[in-house]
Amino acid sequence: MDWKTWYSKRRWAAGISIITIILSVVWLTLISSSNKPALSTIMKHIRVLTNPIVHSLENEHAELLLSDAPIRRQLTDWIQETRVGLKVVFPDGTVTYDSENSSKQRINPRFELDYTLRVSDRKPPYYHLAFPLQDASTKTFVGYAQFAVPASALAPVMPSFDSFSFVPWIMLSLALLTLLYLFFSVGRRVRHDLIQPVAELKPYAEAILKGDYEQRAEWTSGNEVGELYAVFDLMREEIRHLHIQQAAHNQSHKELISNLSHDLKTPLATIKAYIEAIREGMCPDLPSAMTYLEVVHANTSKMAVLVDDLLLHALRDLEQIAVHPIDQYSAPTLEPIFRALSHYIRTMGVRCEEPTAIPNLLVRFDAVRIEQVIANLVTNALKHTEPGDTIRLAVEEQTETSCLHIIVSDTGSGISPQDMPFIFERYYQGNVSQRTAGQLTERQGVGLGLSICKYIMEAHGGAISFHSQQQQGTTFCLTLPLS
């Protein structure tokens with residue numbers, strides 16, 4: 001059972017127990033108040049019980065002075081029968097009769113007699129009440145009769161025993177036992193299912209803090225704590241994955257710097273060697289100097305492309321590549337781009353098929369960035385081709401999807417199957433196959449261009465896709481949505 005359901009049931013049980021306690025206390029209070037007879041009722045019953053004795057005392061009070069008077073024997077017999085205590089006091093405080101045989105012969109009637117009903121503290125309780133005595137013939141005040149009536153003598157006016165009086169006590173006891181059980185069960189559950197799991201989770205957190213991502217946190221319970229452990233383990237896996245990615249990224253970055261250093265070092269060495277040759281006068285005429293300068297120019301262009309790619313990726317990491325698409329017509333914008341690229345392709349000894357017609361559609365794009373993407377694809381195509389191969393440039397309208405397709409295809413060596421899933425990843429360095437003198441050679445790319453192309457196309461709301469077969473060529477397709 002999950003913690004929420006378990007806690008909800010205990011909360012309802014505690015609420016019911018508290019309500020039961022309140023109702024039981026109220027019930028007991030009502031029973032207690034109903035079981036207490038009114039004082040007037042008790043006094044009335046005492047008067048009825050003692051009336052014969054009071055009547056006899058009012059008629060024969062003078063005989064109490066005689067130790068062997070019949071009235072004394074009558075009083076003694078009545079006291080033994082009813083177990084009621086009696087004390088007769090004259091107006092001056094003289095005690096003429098005392099059923100308790102007290103040695104006290106004189107009292108202060110003003111302070112030592114109970115003119116109002118008083119209940120004694122002893123067990124069983126006695127009810128004390130004093131009545132004035134009047135002479136039966138003269139109606140003059142002759143003294144007091146103090147009675148001590150046991151509670152058993154008042155049974156007729158006391159409430160009878162009710163078997164249901166135990167019900168509130170039983171309810172109260174059960175409610176208190178339930179609360180006691182809930183107190184200990186909640187404490188045990190909190191300790192076993194909350195405090196202990198959290199304490200056991202601490203070493204796993206410390207291991208992650210120290211860089212150890214292999215320790216799995218497992219909890220067999222299927223409640224919220226189990227879900228917490230599962231989420232914690234997912235977090236560990238995510239941190240582990242990010243750590244591996246970061247390590248791979250750092251390694252790729254190091255390899256990128258190494259490859260760039262190598263790719264920049266070769267043209268720099270070539271440029272330096274040719275410049276030193278020119279300075280030393282190894283070019284006797286202008287045509288020889290121009291040949292050397294062409295080599296310098298080609299290597300300088302290669303270095304410029306590498307530096308531009310590296311700068312774009314640095315800006316991408318800083319999220320500072322500016323892409324500003326605007327609405328413009330495709331034909332006048334793309335024609336000069338294709339014209340320049342076609343000339344460049346032909347100068348590399350590769351045939352070029354230019355688009356026969358460019359659809360003049362209103363498209364929202366950044367001409368500078370799109371030119372960079374197309375130029376990058378052409379550069380990659382030249383890496384996979386050799387003199388005699390063909391690179392085709394085309395622009396097509398797709399009315400079904402309301403978009404414009406820009407196609408760059410070649411008949412070169414193609415992309416190897418193992419490289420296809422990763423060519424758009426940053427720093428991925430696939431093998432670039434190239435045929436030279438009838439032999440197949442390989443050289444490493446720096447893994448920057450296609451990642452930049454994908455980023456720029458996504459910034460336009462478009463996409464880049466490709467299809468390639470080894471030794472048959474590769475086709476890249478840029479998709480731009482129409483305005």
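**Stop 1: helices H8 and H9**

Select H8 and H9 first: H8 passes H9 in a right-handed crossing. This is a predicted model. H8 covers residues 330-347 and H9 covers residues 367-383. Their axes lie 11 Å apart, at an angle of about 25 degrees. The two helices are therefore roughly parallel, since an angle under 35 degrees counts as such.

Now show the side chains at this contact. From H8, pick Thr333, Ile337, Phe338, Leu341, Tyr344 and Ile345. From H9, pick Ala367, Glu371, Ile374, Ala375, Val378 and Leu382.

**Stop 2: helices H9 and H10**

Keep H9 on screen. Hide H8 and add H10, residues 449-459. The axes of H9 and H10 come within 10 Å and cross at roughly 150 degrees. How do H9 and H10 run relative to each other, roughly parallel or roughly antiparallel? They are roughly antiparallel, because the cut-off for that term is an angle over 145 degrees. H9 passes H10 in a left-handed crossing.

On the H9 side, select Arg369, Ile370, Gln372, Val373, Asn376, Leu377 and Asn380. They meet Gly449, Leu450, Cys453, Ile456 and Met457 of H10.

Next, colour H10 by burial. Its buried residues are Gly449, Leu450, Ser451, Ile452, Cys453, Ile456 and Met457. Gly449, Leu450, Cys453, Ile456 and Met457 thus appear in the contact with H9 and in the buried set of H10.

Step just past the end of H10 to Gly461. Its phi is positive, at about 80 degrees.

**Stop 3: Cys403 in strand S10**

Move to strand S10, residues 403-410. Select Cys403, which is found in this strand. Is Cys403 buried or exposed? Its relative accessible area is 6%, so Cys403 counts as buried.

Show what surrounds Cys403. Leaving aside neighbours within four places in sequence, Cys403 is in contact with Glu396, Glu397 and Gln398 on one stretch of chain, and with Thr479, Leu480, Pro481 and Leu482 on another. Add Ser483 as well. Cys403 and Ser483 are 80 residues apart in sequence, yet their C-alpha atoms are 8.7 Å apart.

**Stop 4: the cysteines**

Stay with Cys403 and add Cys477. Which cysteine sulfur is closest to that of Cys477? The answer is the sulfur in Cys403, at 7.8 Å. That is too far for a bond, because a disulfide needs sulfur atoms within 2.5 Å. Cys477 is buried, with a relative accessible area of 14%.

Jump to Cys352. This residue is buried too, at 12% relative accessible area. How many disulfides does a search of the whole structure find? Zero.

**Stop 5: Ser402, in the loop before S10**

Go back to the start of S10 and select Ser402. Ser402 sits in the loop between strand S9 (390-398) and strand S10. Check its backbone: phi is positive, at about 55 degrees, although Ser402 is not a glycine. Its relative accessibility is 42%, so Ser402 counts as partly exposed. Its sequence neighbour Cys403, at 6%, is buried.

**Stop 6: Gly414 and the loop of Gln471**

Leave S10 at its other end. Gly414 is found in the loop between S10 and strand S11 (431-436). Gly414 is buried, with a relative accessible area of 7%.

Draw a C-alpha distance from Gly414 to Gly473. The separation is 4.5 Å, for residues 59 apart along the chain. Then show the contacts of Gly414 beyond four places in sequence: His384, Ser468, Gln469, Gln470, Gln471, Gly473 and Thr474.

Pick Gln471 from that set. Gln471 lies in the loop between strand S13 (463-469) and strand S14 (473-481). Its phi is near 65 degrees, a positive value in a residue other than glycine. Gln471 is partly exposed, at 46% relative accessible area.

**Last stop: the whole chain**

Zoom out. The protein chain holds ten helices and 14 strands. Buried residues account for 37% of its 483 residues. Among contacts between residues at least 6 apart in sequence, 64% join residues at least 24 apart. Switch on the surface to finish. The accessible surface comes to about 28900 Å², with 59% of it belonging to carbon and sulfur atoms.

Note on methods: Residues numbered from 1 in each chain as written. Predicted model: local features only at pLDDT ≥ 70, side-chain atom pairs only at ≥ 80, totals over all residues. Heavy atoms only, no water. Buried < 20%, exposed > 50% of the residue type's maximum accessible area, 1.4 Å probe, protein only. Helix = DSSP H or I, 4+ residues; strand = E, 2+ residues; numbered from the N terminus. Contact = heavy atoms within 4.5 Å. Areas by Shrake-Rupley, 256 points an atom, 1.4 Å probe, with all protein chains shown as cover. Axes fitted to C-alpha atoms, helices over the stretch in contact; angles between N-to-C directions. Parallel < 35°, antiparallel > 145°, perpendicular 65-115°, else oblique. Left-handed = near helix turned anticlockwise from the far one by under 90°.
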